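Open your viewer, load the model and keep the selection tool handy. We will go from one stop to the next, with something to select at each.

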Amino acid sequence: MLRLESLTKRYRTGDLALSEISLAIPAGQVVGLIGPSGAGKSTLIRCVNRLVEPTSGRIWLDDLELTRLGRRGLRHARRRMGMIFQEYALVERLTVMENLLSGRLGYVSFWSSLIRRFPPADIENAFRLLDRVGLMEHADKRADALSGGQRQRVGIARALAQEPEILLVDEPTASLDPKTSRQIMRLLREVCAERGLAAIVNIHDVLLAREFMMRIVGLRAGAIVYDGGPDGLTPAVLTEIYGEEDWAASSDLSDTGPSPRPGVPDTDELVGAL
Amino acid sequence: MSEGATRYPRHWRRPPLISDGRLRWAIYAGVLVYLVVGIGAVEVNWGRLSEGWERGLRFLGGFVEPDFISRWDDIRAGLIESLAMTLTATVVGVLISIPVGIGAARNIAPSPVYLACRALIALSRSLQEIIVAILFVAMVGFGPLAGFLTLAFATIGFLAKLLAEDIEDIDAAQVEAIRATGAGWWQVLDYGIRSQVTPRLIGLSLYRLDINFRESAVIGIVGAGGVGATLNTALDRYEYDSAAAILILIIVIVLVTEYVSGWVRGRVQ
Amino acid sequence: MAIRQAPHGPIWRKRTTPQSIALWFGWLLLVLLFVLAWEAMTRNQIWAFVWDAPEQAADLFGRMVPPRWSYMDQLWVPLWDTINIATLGTLLAIVLAVPVAFLAARNTTPSPLLVRPIAIFIIVASRSVNALIWALLLVAILGPGLLAGIIAIALRSIGFIGKLLYEAIEEIDLRQVEAVRATGAGPAQVLDYGIVPQIMPAFAGITLFRWDINIRESTVLGLVGAGGIGLQLKASVDGLAWPQVTLIFIVILTTVILSEWVSARVRAALI
């Protein structure tokens with residue numbers, strides 16, 4: 001169970017990225033975080049593992065208050081949160097296996113990681129994960145020799161190697177073609193189900209979000225404007241999140257949307273109502 | 001998950017950079033042998049070293065209390081010589097490297113000219129400044145004129161090569177456009193090439209000015225004038241405080257020229 | 001660019017009037033400086049030496065050829081010393097420059113206000129002083145020999161390697177570093193897994209490049225007594241043994257070309 005309480009982030013430049021976000025994500029739930037660029041999606045998931053320091057507010061992972069941890073405690077807590085990145089963020093010049101084993105860095109001593117001597121159980125598990133994401137024969141290749149979809153699979157396996165309780169996923173399909181994007185999303189859902197993992201997935205593609213997420217949180221200008229099931233993403237709600245657009249024309253949303261004519265003019269009022 | 005159904009390896013080593021094991025070990029052994037032999041060849045005279053330690057401390061002390069006064073006349077003369085050499089050599093070097101650079105650009109120079117200019121550049125680049133200085137001192141005698149000739153010669157190799165590469169890289173379409181208006185060779189050079197190459201030429205000249213000053217501090221050691229000769233004399237006399245003063249001045253001037261030329265380059269480009 | 005009104009219509013000029021005056025003034029200043037500098041430089045010049053320079057050059061050339069090939073027997077050991085000075089000096093410089101580079105790079109320095117300026121100062125001081133001047137100092141302090149040469153090469157190379165390396169460190173992809181940090185890795189592990197792999201190619205290129213330069217520089221260190229083939233060069237020049245000088249020049253040129261070839265080959269193999 002991950003809980004955010006009045007989480008606020010103001011950057012040094014003065015930009016308010018997140019304001020008073022409160023959110024609870026129970027174990028096993030896969031939550032899609034949607035919203036326009038600059039809405040604070042990336043900042044939100046980076047605040048959870050404190051790659052970005054929140055300005056105020058509190059975050060709990062089960063009974064552990066992440067926002068109060070010192071350096072050492074934070075490193076230990078980060079092991080419990082696997083992160084998957086936009087454009088993979090693999091260490092390009094290391095082998096696939098080294099990238100996978102880097103998920104174990106929080107568990108092994110500096111010296112054994114320096115000479116690349118990981119415990120046999122870690123290596124066995126890494127191979128199992130590599131097999132799970134279908135890249136068994138690529139273990140010794142360098143990460144920059146893989147295709148985009150393959151790299152993101154390594155990214156997922158690296159996060160899983162941490163044996164996390166929750167996945168923080170930042171735009172996993174941002175640089176992938178539509179088919180590969182769907183494969184990656186499916187893989188994410190599957191591994192979450194297999195391991196009972198919760199996940200927060202930043203995603204810009206509404207169709208993918210509707211198809212693969214259990215719950216959607218819509219973010220606009222640093223505030224939550226929608227929180228509910230994927231079926232609730234009506235054109236009206238999308239307008240509220242992203243601004244006015246002819247949603248019906250770009251998707252099959254008109255099937256489920258109650259209003260065939262999107263574009264509620266009075267958005268501000270609706271935000272206030274939520 | 002089907003755990004236990006498949007067995008996975010429990011050991012993994014990063015594939016080595018050199019895959020052939022025997023070659024790899026041969027290289028390791030070779031490096032080791034070289035280090036042992038190489039370091040072994042360095043004769044360290046410990047008695048001399050402990051004596052040197054004391055001198056080193058005195059020299060460091062010189063940095064704390066540099067003596068600009070006692071040898072100021074020599075230092076001033078040396079610095080003026082160095083700066084004068086630097087400026088004149090850079091100006092003359094640049095003026096000569098422009099035709100040489102144009103001649104060494106494959107896309108505009110006829111073949112015999114190209115070969116001659118390239119040969120001159122190669123000669124200038126492969127001869128060290130200090131070696132050139134020795135030859136010029138032998139020809140024109142001790143003094144800054146030898147230094148001037150050395151630096152100007154070195155400037156040609158440096159600048160003409162970069163200039164030639166720049167001309168070879170310029171946008172052929174722009175040159176085509178000028179040529180299409182019916183312009184002659186000189187006009188093409190003036191409008192099509194000069195406009196594209198000039199900012200870089202100014203930047204490179206200023207960069208070379210930096211380098212020439214640094215070099216001017218060195219070639220004095222073989223008698224080609226400048227502050228290097230003054231430094232050499234100060235060290236010969238064990239006047240570490242004067243030597244420290246000279247070094248500090250060199251560092252400061254290098255920093256100032258580097259800063260100024262960086263600033264001007266930023267403005268020009 | 002400016003267009004000016006004149007009685008017979010507008011005149012186009014590339015620059016406005018103040019601009020062209022400033023430019024003109026700048027060139028004038030340069031010419032003036034040049035004349036002054038030339039005066040200062042040639043004040044004590046004995047021109048008689050210059051007028052017979054072509055004669056001298058012809059004479060010198062006549063005495064330089066043919067090279068005394070038999071002198072080669074005495075050059076093998078100094079040549080070996082020269083290569084050692086360059087190689088061991090480069091190794092020593094690497095050991096010293098790598099930590100300096102990490103302290104100087106904005107994204108890895110432990111303290112941007114205190115430690116970084118010190119590291120930058122070390123780099124600048126090392127770069128401003130030519131290896132030959134370092135050698136001059138070290139010979140005065142340590143006495144003549146290989147050790148002074150090795151340390152001189154190392155001192156000059158710290159600045160070169162340190163500068164290029166810290167620029168490479170500042171240009172790394174931060175997302176890869178962030179990803180390693182997100183796994184719960186400690187600072188040393190982040191360095192090892194996130195940063196070092198990214199700068200390895202630059203590091204290899206920089207050190208090989210510097211080794212190549214160091215071979216050149218170490219050939220002349222002997223002129224001030226810091227060991228290597230320069231010692232023979234100095235002895236031959238002082239003794240006016242020009243045929244030996246020619247041979248030494250040939251040996252130096254060959255070594256330089258060979259080292260360039262070697263470093264290009266190794267670089268291609270590594271990167």
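What follows is a walk through parts of one chain and then across two interfaces. Keep in mind along the way that this is a predicted model.

**Stop 1: the hairpin in chain A**

Begin by selecting residues 2-10 and 16-25 of chain A, which are strand 1 and strand 2. These two strands run antiparallel and are joined by six bridges. For one rung of that ladder, click on L4(A): its bridge partner in strand 2 is L23(A). Now move to the turn, where five residues lie between the strands. Which residue there takes a positive phi? It is G14(A), with a value near 105°.

**Stop 2: the open sheet**

Next, colour strands 6, 7, 8, 3, 9 and 10 of chain A. Together these six form an open sheet, and the order across it is 6-7-8-3-9-10. The pairing is mixed. As a reminder, strands of a sheet pair through backbone hydrogen bonds, either parallel or antiparallel.

Which strands stand at the edges? Select 81-84 for strand 6 and 223-228 for strand 10 of chain A. Each has a single partner strand, so one side of each is left without a neighbour in the sheet. If you look along the sheet, you can follow a twist that averages 20° from one strand to the next.

For a parallel pair, select residues 30-34 (strand 3) and 215-220 (strand 9) of chain A, which are paired over four bridges. Within this pair, G32(A) stands opposite I216(A) of strand 9.

**Stop 3: a helix across the sheet**

Add residues 178-195 of chain A, which make up helix 7. Helix 7 lies across strands 3, 6, 7 and 8 of chain A. To see how it is oriented, show strand 7 (166-170) beside it: helix 7 of chain A runs at about 165° to that strand.

**Stop 4: where chain A meets chain C**

Now display chains A and C together. In this contact, 31 residues of chain A touch 19 residues of chain C. About 2,100 Å² is buried between the two chains, with carbon and sulfur atoms giving 58% of that area. Select V91(A), R93(A) and L105(A): in chain A these lose the most area to chain C, together 26% of what that side buries.

How many salt bridges are counted between chain A and chain C? There are three. One to zoom in on joins the side chains of R175(C) and E87(A), at 2.5 Å from N to O. Ten residue pairs are also found in polar contact across this interface.

Helix 2 (71-78), strand 6 and helix 4 (110-114) of chain A each supply at least two residues to the side touching chain C. Helix 4 of chain A gives the largest share, three residues. By class, this side of chain A has 13 nonpolar, eight polar and ten charged residues.

**Stop 5: where chain C meets chain B**

Finally, hide chain A and show chains C and B. Here 54 residues from chain C and 52 residues from chain B take part in the contact. The buried area is about 4,500 Å², and carbon and sulfur atoms give 78% of it.

The salt bridge count between chain C and chain B is one. To find a salt bridge here, select R127(C) and E258(B), whose side chains meet at 3.4 Å, N to O. The side of chain C that touches chain B has 42 nonpolar, nine polar and three charged residues. Polar contacts between chain C and chain B number six residue pairs.

Technical notes
Residues numbered from 1 in each chain as written. Chains lettered and ligands numbered in written order. Predicted model: local features only at pLDDT ≥ 70, side-chain atom pairs only at ≥ 80, totals over all residues. Heavy atoms only, no water. Pairing = 2+ DSSP bridges. Axes fitted to C-alpha atoms, helices over the stretch in contact; angles between N-to-C directions. Contact = heavy atoms within 4.5 Å. Buried area = accessible area lost by both parts, 1.4 Å probe. Salt bridge = Lys/Arg side-chain N within 4 Å of Asp/Glu carboxyl O. Polar contact = N/O pair within 3.5 Å; in protein donor to acceptor, adjacent residues only side chain to side chain. Nonpolar A, V, L, I, M, F, W, Y, C, P; charged D, E, K, R; others polar.
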